[in-house]
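Work through the exercises below with the sequence and the model side by side, and try each task before reading its solution.

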Amino acid sequence: MNGTAATIGRDLGRMLEALAGLMLVSVAVPLAWGEYYAIPALVASAAVPLAVGRALATRFRDADAPGKLHGMMVAASGWLFVAVFGSLPFLLVAWTAAVDPSGLGAPDLTGRAASTLAAFQNPVNALFESMSGFTGTGLTMTDDESSLPHTLQWWRTFIEWVGGVGVIVLTTAILARPGSGSLTLYESEARSEKIHPSIVSTVRTIWWIFILFTFIATFLLWLAGMPLWGAINHAMTGLATGGFSITDNSIATYDSALIDVTLIPIMTLGSIAFPVHYLMLRGDLSNLYRDLQTRWLLGLFAAGSVLLTVLVHSSGTYDSWATAARYGVFQFVSAMSCTGFQTAVDSTNVALGKWSAQAQLTVASGMIVGGAAGSTVGGIKLIRLATLVKGVQHRISDVFYPNSAVRRLEINGRRLDDEETSREFEEAAIIAFLWFVFLVLGVFVLLAVLPDGQYTLENVIFEVASAQGNVGLSAGITGPSSLPTAGKVMFLFNMWIGRLEIIPVLVLLRAAFKRGGLYR
C-alpha cells in the first residue's frame with residue numbers, strides 16, 4: 001500500500017491514538033463516582049483504537065504530507081472511524097452492566113433506567129450516539145439521560161466538547177508536527193482563517209480559548225442555580241453547540257428562566273468564529289459589529305427570535321407574550337447556533353413537534369443556516385449565506401453599469417475581482433445545493449420508513465434538518481424504538497456529511513468506489 005492510502009493510514013492512526021487518550025483520561029470519572037464496573041469497559045475501549053492507531057501510524061510514518069485531496073479523505077474517513085471506535089464505551093459499559101462478570105458492582109437496573117442503558121447493547125444505537133456526539137448533533141438514542149451511569153453521561157458530553165472544536169484540530173494540537181500537512185488537515189474540517197502563522201500554534205490557541213470559556217460557562221450556570229455536575233456537562237455541550245444533556249427533558253428539567261437566559265450567551269459564544277474571539281480577548285471589541293459573520297449572526301438571532309415569538313403567541317401555543325418570548329427566543333438561538341437544547345419538550349410547555357407548521361419551519365430555517373464558519377456550529381454557515389446574497393445583488397446590479405466598469409464584490413473586508421467572485425459564489429452555491437439535495441433525500445427516506453400518519457411533513461423536515469445541521473432539536477421522531485433502523489442509518493449519513501460540509505465525504509466515497517481510487 002502506498003500513495004494516498006498510506007497518507008490516510010498514517011493520519012487516521014494519529015486520530016485513533018488521540019481518541020484512545022480521551023478514553024483513558026475518562027477513567028477518572030468512574031473512579032470518582034464509584035462506578036468501578038465501567039473501568040474495564042473504558043480500558044478495553046481504549047485498547048482497540050490505540051492498537052489500531054499505533055499500528056497505522058508506525059507502518060506509514062514516512063507517508064507523504066497530505067495534499068488537498070488527501071486532506072478531504074483523511075477528514076471524512078477520520079470522522080467516520082472515530083465515531084465507530086467512539087461507540088465502544090457505550091457498547092461495553094451496557095454489556096458489562098447487563099452481565100457484570102467481574103463482580104464489580106454494576107447497578108441492578110429496572111424499568112426505564114434498564115431500557116435506557118440496554119439500548120446501547122445494539123451496535124447501531126451505540127454508533128448513532130457516538131456519531132451524534134462527535135458531530136455535535138445531540139440527537140440521542142436514550143429514553144432517560146438522567147438514568148445513565150455518570151461514566152456514559154461524561155463520555156457523551158466529552159465527545160461533543162471535543163467534536164465541537166474538531167477531532168483533527170485536537171489531533172493537530174497534540175500529535176502533529178508543524179508543516180503544510182497540518183494546514184491541509186486543519187482546512188479539511190471547514191476552517192480557513194488562522195490566528196497565528198503557525199497552524200499548530202493556531203489550534204492550541206483555539207483550545208485555550210475553548211477551555212477558558214468552558215470554565216466561565218460552568219461557573220455562570222452554577223451561579224444560576226444548576227447543580228455542579230449539570231453545570232459542567234451543560235457548559236461543555238452548550239459551548240460546543242452540541243446539546244447533549246444529562247437530564248430527561250433537556251434544559252426544561254430545570255424550569256428556570258434564569259438558566260435559560262444564562263445559556264443564551266453561552267450558545268452564542270459557540271456560534272462565533274474563534275479568530276474573532278481571539279481578537280476580542282485581546283481587547284478589539286469592534287469585531288462584534290465589524291466582522292460580517294458576527295454581525296449577521298446577532299442580527300438573525302434577533303430577527304428570528306422576534307418572528308418565532310410572534311408565531312408561537314399568535315397561534316395560541318402560549319397565551320402570554322412573556323412566555324412566548326421565553327420559549328421563542330431560547331429555541332431559535334438554540335436552533336441557529338446548532339446547539340439543540342430544548343425547553344419546549346412536554347405537555348406543560350408544549351413540545352416542539354406540536355408547534356404550528358410555521359413555527360417549526362422557522363426553527364428549521366435557523367438550523368439550516370447555522371452560525372459562523374470557524375466556530376463549533378453546523379448548517380450551511382453564515383459566510384456562505386452572505387456570499388450568496390451579496391453575489392446575487394452584485395450580478396443584478398451589473399445590469400446598471402457599463403461594460404467598461406471595473407467593480408469588485410466586498411465580503412468581510414475582502415475586495416474580490418470577477419474571477420474571485422465567481423469562484424466563491426460557485427463554491428457557496430454548490431454547498432447550498434448539495435445541502436438541500438441531501439435534506440430532500442433524508443426527508444424521502446424518513447417518510448418511507450415511518451408509520452403513515454404518525455408524523456406531519458413539517459415534523460419530518462424539522463428532524464432531518466436537525467440531523468444534517470448537527471443541531472439535535474427533535475420533534476419526537478428520534479429514539480431507540482421510535483426511529484426505524486433505516487432512519488437511523490440515514491441520520492448517521494446526514495450527521496456525517498453535515499459536520500464535514502458534504503464535499504469531503506463525496507470525495508472519499510468516489511475514491512472508495514472507483515477501482516483503485518485510494519491507491520493513486
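**Exercise 1. Find the helix that holds Leu 220, and decide how far this residue is open to the surroundings.**

Leu 220 has its place in helix α11, where a helix is a DSSP run of H or I with at least four residues, numbered from the N terminus. Its relative accessibility is 38%, and therefore Leu 220 counts as partly exposed; buried means under 20% relative accessible area, exposed over 50%, and partly exposed in between, with a 1.4 Å probe and protein chains only. The model is a predicted one, in which local features need pLDDT of at least 70 and side-chain atom pairs count only at pLDDT 80 or more, while totals for chains, interfaces and linings use all residues. Residues are numbered from 1 along each chain as its sequence is written, and side-chain values use heavy atoms, with hydrogens and water left out.

**Exercise 2. Identify the nonpolar surface patch and the helix that gives the most to it.**

The patch is formed by Leu 212, Ile 216, Phe 219, Leu 220, Trp 222, Leu 223, Leu 228 and Leu 281, which together have about 780 Å² of accessible area, computed by the Shrake-Rupley method with a 1.4 Å probe, only the protein chains shown counting as cover. Such a patch takes residues with over 30% relative accessible area and no salt bridge, and joins nonpolar side chains (Val, Leu, Ile, Met, Phe, Trp, Tyr) within 5 Å, whereas like charges are joined within 9 Å. Helix α11, residues 199-223, gives the most, with six residues.

**Exercise 3. Describe the salt bridge between Arg 14 and Asp 11.**

A salt bridge is a side-chain nitrogen of Lys or Arg within 4 Å of a carboxyl oxygen of Asp or Glu, and by this rule the count comes to 10. In the bridge of Arg 14 with Asp 11, the closest N and O atoms are 3.6 Å apart. Both residues lie in helix α1 (residues 3-25), three residues apart, which is about one turn of the helix. Arg 14 is buried because its relative accessible area is 14%, and Asp 11 is likewise buried, at 3%.

**Exercise 4. Locate the partners in the salt bridge of Lys 381 with Glu 501, and name the network that includes them.**

The two side chains meet at 2.9 Å, N to O. They link distant parts of the chain, 120 residues apart: Lys 381 is in the loop between α18 (357-369) and α19 (382-397), and Glu 501 is in the loop between α22 (485-500) and α23 (503-513). Both Lys 381 and Glu 501 are buried. Salt bridges with shared partners join Lys 381, Arg 384, Glu 427 and Glu 501 into one network.

Definitions and conventions
Helix = DSSP H or I, 4+ residues; strand = E, 2+ residues; numbered from the N terminus.
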